2 protein chains.
Amino acid sequence: MTTKSYGQYCGVARAMELVGERWALLIVRDLLVGPKRYTDLRAGLPKIPTNVLATRLKELEQGGVVARRVEPSPSRAIVYELTPYGADLDQVVLALGRWGARSLGELRPGEIVTTDILVMALRSTFRPDRAKKVRARVSYELRFGDLVVHALVDDESLEVAAGPIDKPNVVIEARGPLSPLLNGEIDGEAALKTGLVTTDGTAADLNRFAQFFPIQ
Amino acid sequence: MTTKSYGQYCGVARAMELVGERWALLIVRDLLVGPKRYTDLRAGLPKIPTNVLATRLKELEQGGVVARRVEPSPSRAIVYELTPYGADLDQVVLALGRWGARSLGELRPGEIVTTDILVMALRSTFRPDRAKKVRARVSYELRFGDLVVHALVDDESLEVAAGPIDKPNVVIEARGPLSPLLNGEIDGEAALKTGLVTTDGTAADLNRFAQFFPIQ
DNA sequence: CGGGATCCGTAAGGATACTG
DNA sequence: CAGTATCCTTACGGATCCCG
């Protein structure tokens with residue numbers, strides 16, 4: 001409620017007052033993938049203290065970013081979802097994710113990946129111009145540990161969601177972070193050779209994937 | 001030093017670790033307009049405690065976002081500027097400013113406006129598509145209190161900088177925040193009639209300005 | 001005067017336990 | 001399941017002081 005003001009009449013300052021507190025944009029990131037219950041949010045953000053999550057949700061609700069909804073009977077579950085205004089943070093979060101992905105580097109001890117992270121990572125790095133150029137229409141299934149997401153590239157459009165997809169054109173199984181492949185450090189062939197990736201496709205498929213979802 | 005980790009291998013999380021602390025993105029916002037000395041930064045952010053500014057600058061430097069440079073003799077001034085990586089936050093800050101501008105509302109007591117804020121506000125709200133459609137080539141001088149910035153709209157490109165411009169096509173003097181005009185609450189004629197704006201141009205000029213730099 | 005460092009009180013975050 | 005309550009620790013905010 002009394003989020004400290006920056007004392008500036010400025011869009012950036014106002015945005016930081018609304019979603020600039022610790023954890024807030026990560027909550028928004030997960031809600032951009034879809035509405036969630038309190039426990040789902042906790043599961044996606046294991047390191048957030050529960051009182052901080054409760055506080056953030058209240059602040060975001062009061063800021064008009066998040067709406068708290070009680071599902072109809074018999075479920076009666078409490079669901080958090082983005083308001084239309086909150087959903088407009090899409091471009092902000094994608095731009096932030098694109099920028100931050102360049103600093104990802106190696107997987108640090110204790111760091112986790114979730115389905116929501118994978119979904120947003122694919123959305124943020126997608127390059128419609130490159131997909132359009134080849135008039136691509138490809139479906140990918142991406143596996144990382146026991147996480148599974150799929151991406152449907154169609155001309156310049158992209159759809160990403162959790163879970164498997166029926167008859168994907170290419171299945172990519174990552175044994176570790178794909179950043180070396182996606183930032184051009186290694187190519188598809190090397191990714192296969194080092195065992196970073198296995199796939200039912202070819203090295204060329206991996207290279208095309210890296211073209212569509214580059215880091216940088 | 002080691003800003004607390006979110007424990008997630010995610011571009012958004014990494015970005016928040018680098019620039020997510022209080023005040024950090026406002027420092028970046030001002031540095032996006034141009035390199036600055038410590039005292040300039042303080043002047044642009046009057047409410048930041050000096051120790052927090054010093055700490056942020058060190059963190060941003062260590063994160064590869066900001067570079068600290070000592071000017072050659074005889075100046076020897078210490079200047080802070082964005083690294084190329086830091087400068088790539090441009091799109092993030094513009095997107096945030098666009099989003100946050102919709103919550104600006106009335107000028108709250110104690111809130112200030114600076115030249116850097118005006119420059120970034122114009123950059124963030126500019127709509128190249130609308131400028132291109134009319135093949136516009138217009139120079140604006142915008143005055144707000146004793147602040148003066150200018151904007152040069154040329155087809156779909158925009159240049160904004162501090163200070164006056166030679167022979168502007170339209171001079172706009174704002175007596176208060178222009179958000180009502182820019183978000184469509186009122187039109188140019190009403191803005192003139194209520195005294196919110198004075199100009200050497202016409203109401204139509206104000207309407208075109210509002211088309212080029214809309215909030216929403 | 002530019003460029004900080006220091007000190008202290010308060011507010012927020014973090015970890016854990018507990019409840020309707 | 002969806003949060004509160006508690007306790008502790010860290011960070012922030014505000015003021016002052018320092019040094020070349």
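**Exercise 1. Work out which strands helix H11 of chain A lies across, and at what angle it runs to E4(A).**

Solution. Start with the helix: H11 (residues 203-212) of chain A lies across strand E4 (137-144), E5, strand E7 (170-174) and E8 of chain A. Helices (H or I, at least four residues) and strands (E, at least two) are DSSP runs, numbered from the N terminus. Next, the angle: H11(A) runs at about 95° to E4(A). Axes here are lines fitted to C-alpha atoms, for helices over the stretch in contact, and angles go from 0 to 180 degrees between N-to-C directions. Contact means heavy atoms within 4.5 Å.

A word on the model before going on. It is predicted, so local features need pLDDT of at least 70 and side-chain atom pairs count only at pLDDT 80 or more, while totals for chains, interfaces and linings use all residues. Residues are numbered from 1 along each chain as its sequence is written, chains are lettered from A and ligands numbered from 1 in the order in which they are written, and side-chain values use heavy atoms, with hydrogens and water left out.

**Exercise 2. Lay out the sheet of chain A: what is the strand order, and which strands sit at the edges?**

Solution. First, the order: five strands make an open sheet, E6-E5-E4-E7-E8 in chain A, with mixed pairing. Two strands pair if DSSP finds at least two bridges between them. Then the edges: strand E6 (157-162) and strand E8 (197-199) of chain A each pair on one side only. From one strand to the next, the twist averages 20°. Now zoom in on one pair: E5 (residues 147-154) of chain A and E6(A) are antiparallel over six bridges. Within that pair, Leu152(A) has Glu159(A) as its bridge partner.

**Exercise 3. Describe both partners of strand E4 in chain B: which pairing is parallel and which antiparallel?**

Solution. Take E5 to begin with: E4(B) and strand E5 (residues 147-154) of chain B pair in the antiparallel sense over eight bridges. Val138(B), for instance, is bridged to Val153(B) in E5(B). The two strands form a hairpin with two residues between them, and Gly145(B) in the turn has a positive phi of about 60°. Then take E7: E4(B) pairs with strand E7 (residues 170-174) of chain B in the parallel sense, over five bridges. There, Phe144(B) stands opposite Ala174(B). Last, the cover: six of the eight residues of E4 (residues 137-144) of chain B are buried. Buried means under 20% relative accessible area, exposed over 50%, and partly exposed in between (1.4 Å probe, protein chains only).

**Exercise 4. Find where Gln8(B) sits and say whether it is buried or exposed.**

Solution. Gln8(B) belongs to the segment before helix H1 (11-19) of chain B. With a relative accessible area of 1%, Gln8(B) is buried. Now look across to the other chain: the side chain of Gln8(B) reaches the backbone oxygen of Gly44(A) at 2.8 Å. That's a polar contact (a pair of N or O atoms within 3.5 Å; within protein, one must be able to donate a hydrogen and the other to accept it, and residues adjacent in sequence count only if both atoms are side-chain atoms). Beyond four places in sequence, the residues in contact with Gln8(B) include Arg29(A), Leu45(A), Pro46(A), Glu111(A) and Ala13(B).

**Exercise 5. Why is helix H2 of chain A largely enclosed by the rest of the structure?**

Solution. Count the buried residues: nine of the ten in H2 (residues 24-33) of chain A are buried, so the helix is largely enclosed. Among them are Ala24(A), Leu25(A), Ile27(A), Arg29(A) and Asp30(A).

**Exercise 6. Which residues come nearest to DNA strand D, and what share of the strand's atoms within 4 Å of the protein is sugar or phosphate?**

Solution. Of the 18 residues around DNA strand D, Arg37(A), Arg68(A), Tyr80(A), Arg22(B) and Arg56(B) come nearest. A residue is near a strand if one of its heavy atoms lies within 4 Å of it. Sugar or phosphate makes up 71% of the strand's atoms within that distance of the protein, and bases the rest. For individual pairs, check the phosphate oxygens: one is 2.4 Å from an N or O atom in the side chain of Tyr80(A), and one lies 2.4 Å from a polar side-chain atom of Arg56(B). Finally, H4(A) gives the largest share of this surface, four residues.
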